[in-house]
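Colleague: Please take a close look at one helix of this model and describe how it is packed and what surrounds it. A connected account would serve me better than a list.

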Amino acid sequence: MYQFFVEEEQIGREFATITGTDVNHIKNVLRMKPGEKIRVSSRSGGDYLCEITELGETFVQADLLKEDAPSTELPGKIYLFQGIPKGERMETVIEKVVELGVYEIIPVAMKYCVVKLDAKREANRLKRWQKLSETAAKQSKRSLIPNIHPVMGFEEAVRYASAADVRLLPYENAEGMEATRRALASIRPGNSVSVFIGPEGGFAEEEIALAKDTMQIISLGKRILRTDTAGIAVLSMLMLKMEMH
């Protein structure tokens with residue numbers, strides 16, 4: 001069943017109205033017909049099972065068959081603070097962690113980031129990254145589209161992350177997996193979790209010093225993971241932990 005997102009005001013008492021680029025996708029790419037069922041979610045998180053009833057030039061109308069279709073969200077919000085990687089690695093991270101249940105992605109300009117974004121490049125990247133988040137959310141039947149936050153500096157990111165119930169920072173110099181086990185065991189249903197992932201060059205010593213008082217420094221094992229692998233590894237752990245409650 002295909003998934004589509006609409007604004008809250010596009011959902012009425014009896015039907016939802018889909019507009020924008022999804023109309024062409026439904027009509028000319030998927031070639032859907034009246035009577036076919038779809039899943040519609042409002043961007044604020046409401047979920048509805050619907051049936052297409054009308055295919056207009058600029059809209060698709062779908063009757064609401066059932067309100068409150070099962071949510072696909074984790075029982076807790078995960079915030080990923082990703083040191084900006086080079087090339088297409090950020091796109092890989094976004095696609096995969098959205099599938100795994102991330103709530104918000106915060107690109108962070110860290111000391112050893114190779115990529116430096118000026119205002120124009122940042123705006124263009126954020127637009128593309130947000131579109132990738134929406135595409136991945138549709139594919140994985142998410143109930144909401146994870147937000148891609150504007151780029152933050154490291155100190156600002158640490159302050160932003162401090163509101164979470166659990167704050168994790170995987171670090172290659174962390175000793176052993178016991179701290180990781182304890183950190184995962186401490187997560188309860190409804191907890192929010194912040195995760196910091198370093199860029200290709202890793203964390204600077206001063207960044208670790210700044211974060212260590214508010215973050216739990218954990219290990220991801222004996223192997224050194226690439227930046228685009230590390231975030232996916234942590235999100236996989238957190239998804240399984242949260243889903244098993």
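Modeller: In what follows, contact means that heavy atoms lie within 4.5 Å. The model is a predicted one, and the helix I have chosen is α3, which covers residues 119–139. Its length may be taken up first. The helix has 21 residues, which at 1.5 Å a residue should span 30 Å; the C-alpha atoms at its ends are 30 Å apart, so the two values agree.

The packing of α3 can be described through its buried residues, with buried meaning under 20% relative accessible area. They are Glu122, Leu126, Trp129, Ser133, Glu134, Ala136, Ala137 and Lys138. Against these residues pack β1, α1, α2, β7 (104–109) and β8 (147–148). Alanine 123 is also part of α3, but this residue is partly exposed, because its relative accessible area is 45%. The C-alpha atom of alanine 123 lies 8.3 Å from that of proline 150, although 27 residues separate the two along the chain.

Beyond the helix, the chain enters the loop between α3 and β8, where lysine 141 is found. Just after α3, this lysine takes a positive phi of about 60°, a positive value in a residue other than glycine. With a relative accessibility of 27%, lysine 141 counts as partly exposed. Arginine 31 offers a second case: its phi is also positive, near 50°, and arginine 31 is not a glycine. That residue sits in the loop between α1 and β3 (37–42). Its relative accessibility is 58%, and arginine 31 therefore counts as exposed.

The helix also borders a pocket. The second largest pocket, with a volume of about 160 Å³, receives at least two lining residues from each of β1 (2–6), α1 (21–29) and α3. Its lining consists of Tyr2, Gln3, Phe4, Thr21, Asp22, His25, Leu30, Lys131, Lys138, Gln139 and Lys141. Lys138 thus appears both among the buried residues of α3 and in this lining. Lys141, from the loop that follows the helix, is a lining residue as well. Sorted by class, the lining comprises 3 nonpolar, 4 polar and 4 charged residues. β1 and α1 therefore have two roles around α3: they pack against its buried residues and they supply part of the pocket lining.

For context, another helix and the largest pocket may be set beside this picture. Helix α7 (residues 227–243) has 17 residues and reaches 25 Å between its first and last C-alpha atoms, close to the expected 24 Å. Its buried residues are Thr227, Asp228, Ala230, Gly231, Val234, Leu235, Leu238 and Met242. These occupy an arc of only 160° around the axis, so they lie on the same side of α7. Among the elements that cover them are β6 (78–83), α2 (89–100) and β10 (166–170). Helix α2 accordingly takes part in both settings, since α2 also packs against the buried residues of α3.

The largest pocket holds about 530 Å³ of space. Of its 27 lining residues, those closest to the centre are Pro170, Tyr171, Glu172, Ile224 and Leu225. The lining of this pocket is made up of 12 nonpolar, 8 polar and 7 charged residues.

Definitions and conventions: Residues numbered from 1 in each chain as written. Predicted model: local features only at pLDDT ≥ 70, side-chain atom pairs only at ≥ 80, totals over all residues. Heavy atoms only, no water. Helix = DSSP H or I, 4+ residues; strand = E, 2+ residues; numbered from the N terminus. Expected span 1.5 Å × (residues − 1). Buried < 20%, exposed > 50% of the residue type's maximum accessible area, 1.4 Å probe, protein only. Arc of directions from axis to C-beta. 1 Å grid on protein atoms, 1.4 Å probe; cavity = no way out; pocket = protein on both sides within 12 Å on 5 of 7 lines; lining within 4 Å. Points joined across faces, edges and corners; volume = space filled by probe spheres on them. Nonpolar A, V, L, I, M, F, W, Y, C, P; charged D, E, K, R; others polar.
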